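Grab a pencil and work through these exercises with the model open beside you. Each task comes with a step-by-step solution.

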Amino acid sequence: MASEEAGPSQAIAPLQVLYCAVCSFPPEYCEFGSHLTRCKEWLQKEHTDLYDKYYSDEALQAKMGMLSVEAQSKLEKDTAKKEAKAEAKAEATMKKKMASQVTIKRIERNKRKYVTSIHGLEAFDVDLKKAAKLFAQKFATGASVTKNLQGQEEIVVQGDVSGDIVEMIEEGVGILKSVPKDNVVEVEEKKKKGGDA
Ligand SMILES: [Zn+2]
């Protein structure tokens, strides 16, 4: 933006710092991250001038000229290794997510009194406290994060809202949008006759 266009409240232009959309470092530091190949693709597409500045043949030659052949090949190997590791990690994370289930359970506590437990949201990077707050507001009821018998955290919402929560996930409401609807399982836990389980 030209400084002439700045409004009175913007008399001092904010410092514009560009960050790489892939690794979030400033582009001149992408090489220290683990995604250089994708960083370069991004930079070439979005900021061709900077790409040329850092990665054109001349720029690379100038840089490599200062390194020995041995150091060059080590640098290239290290980069490849680092990238392979990062890609493998990303793939493992994705696989884990695909295999993770969100279980929404309707639990009968007393005759016609229900609570709904939601387990497994954290696998999809959902903040459980925020999700509990979302459910509490949406259903105007109590919702909290508690530990289940297995010691795992889950959200417990007062009342039978299991169907509504499944719908919220299907519709991708708020922070639930990262949860794939195919990973949601709805179950029911009936109160056993003759007392608590
Ligand atoms: Zn980058």
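**Exercise 1: walking across the sheet**

S2 and S4 pair in the antiparallel sense over four bridges. Strands here are DSSP E runs of at least two residues, numbered from the N terminus, and two of them pair if DSSP finds at least two bridges between them. A quick word on the source: this is a predicted model, where local features need pLDDT of at least 70, side-chain atom pairs count only at pLDDT 80 or more, and totals for chains, interfaces and linings use all residues. Residues are numbered from 1 along each chain as its sequence is written.

Task: work out which strands flank this pair, and give the order of the sheet.

Solution.
- Step 1: look at S3, which is joined to S4 by five bridges and runs antiparallel to S4; here Ala143 sits opposite Val157.
- Step 2: go to S1 (residues 102–110), held to S2 (residues 113–119) by seven antiparallel bridges, with Thr103 facing His119.
- Step 3: put it together as an open, five-stranded sheet with mixed pairing, in the order S3-S4-S2-S1-S5. Its edges are S3 (143–147) and S5 (184–189), each pairing on one side only.

**Exercise 2: a residue in S4**

Task: decide whether Ile155 is buried or exposed, and find its partner in S2.

Solution.
- Step 1: place Ile155 in S4 (residues 153–158).
- Step 2: count neighbours. Ile155 is buried because 25 other C-beta atoms lie within 10 Å; the cut-offs are 20 or more for buried and 12 or fewer for exposed, with C-beta atoms placed from the backbone.
- Step 3: read across to S2, where Ile118 stands opposite Ile155.
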